[in-house]
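Reader: Could you walk me through this one slowly? I would like to start with how the strands are put together and then move on to the whole chain.

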Amino acid sequence: MMYLRMEWRHDSETEPSTFFIEVGDDNYEVRKVEIFKDGRSHRVGLNGADDIGLAQIPVDSIEEINLDPDFHAIEIDATYFETEWEKAPEATWS
């Protein structure tokens, strides 16, 4: 597993701006926390219906992500990810 913290630089209030992502050995998202500028957050994972918010394409390398000036990613450790995961409520989809 690899763990990322990624910032998305944008002006939208309806899109998340910070992501904590657990990436599997196949480079696909396993779990993800999304945090919005107003402090709201939610989490999604591979537990049945809540995987709806996971990307359907492999995660790019940190170097590839950081080529886009709107994004900045760093690798984090599993403990940091788990802390953010536990703080965020499960996503609900209307």
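**Strands and their partners**

Author: Strand S3, covering residues 29-35, and strand S4 run antiparallel and are joined by five bridges. Please keep in mind that this is a predicted model.

Reader: ok, which residue stands opposite Ser41 of S4?

Author: That is Ile35, which stands opposite Ser41 in S4. Another pair links the two strands as well, since Arg31 has Gly45 as its bridge partner in S4.

Reader: And how many residues lie between the strands in the hairpin of S3 and S4?

Author: There are five residues between the strands in that hairpin, and Gly39 takes a positive phi near 95° there.

Reader: What about S2, how many bridges join it to S3?

Author: Strand S2, residues 18-23, is joined to S3 by six bridges, and these two strands run antiparallel. Within this pairing, Ile21 stands opposite Lys32 in S3. The hairpin of S2 and S3 has five residues between the strands, and in this hairpin Asn27 takes a positive phi near 70°.

Reader: So S3 has S2 and S4 as partners. How many of its residues are buried?

Author: Seven of the seven residues of S3 are buried, so the strand is mostly covered, where buried means a relative accessible area under 20%. Strand S4, residues 41-45, is also mostly covered, with four of its five residues buried.

Reader: Take Ser41 in S4, then: why does it count as partly exposed?

Author: Ser41 has a relative accessibility of 24%, and because partly exposed covers the range between 20% and 50%, it falls into that class. Not counting residues up to four places away in sequence, Ser41 touches Glu34, Ile35, Ala88 and Pro89. The C-alpha atoms of Ser41 and Thr18 are 9.3 Å apart in space, while the two residues are 23 apart in sequence.

Reader: And Val44, is that one buried or exposed?

Author: Val44, which also lies in strand S4, has a relative accessible area of 1%, and because the cut-off for buried is under 20%, Val44 is buried. Between the C-alpha atoms of Val44 and Ala88 the separation is 9.4 Å, although these residues are 44 apart along the chain.

Reader: Switching topic: what pattern does the whole chain follow?

Author: The protein chain has two helices and five strands, and read along the sequence they follow the pattern β-β-β-β-α-β-α.

Reader: How does its radius of gyration sit with a compact globule?

Author: For 94 residues a compact globule would have a radius of gyration near 12 Å, and the protein chain has 13 Å, which agrees. Along its principal axes the C-alpha trace spans about 35 × 30 × 25 Å.

Reader: How much of the chain is buried, and what about contacts between residues 24 or more positions apart?

Author: Buried residues make up 40% of the 94 residues. If we take the contacts with a separation of 6 or more, residues 24 or more positions apart account for 49% of them.

Reader: Last bit, what can you say about the surface and the charges?

Author: The accessible surface of the protein chain comes to about 5,700 Å², and 51% of this belongs to carbon and sulfur atoms. As for the charges, there are 8 positive and 23 negative ones, and their mean positions are 6 Å apart.

Key
Residues are numbered from 1 along each chain as its sequence is written. This is a predicted model: local features need pLDDT of at least 70, side-chain atom pairs count only at pLDDT 80 or more; totals for chains, interfaces and linings use all residues. Side-chain values use heavy atoms; hydrogens and water are left out. The radius of gyration is taken over C-alpha atoms; the globule rule is 2.2 Å times the number of residues to the power 0.38. Buried means under 20% relative accessible area, exposed over 50%, partly exposed in between (1.4 Å probe, protein chains only). Contact means heavy atoms within 4.5 Å. Accessible areas come from the Shrake-Rupley method with a 1.4 Å probe; for residues, only the protein chains shown count as cover. Lys and Arg count as positive and Asp and Glu as negative; His and the chain ends are not counted. The place of a charge is taken as NZ of Lys, CZ of Arg, CG of Asp or CD of Glu. Two strands pair if DSSP finds at least two bridges between them.
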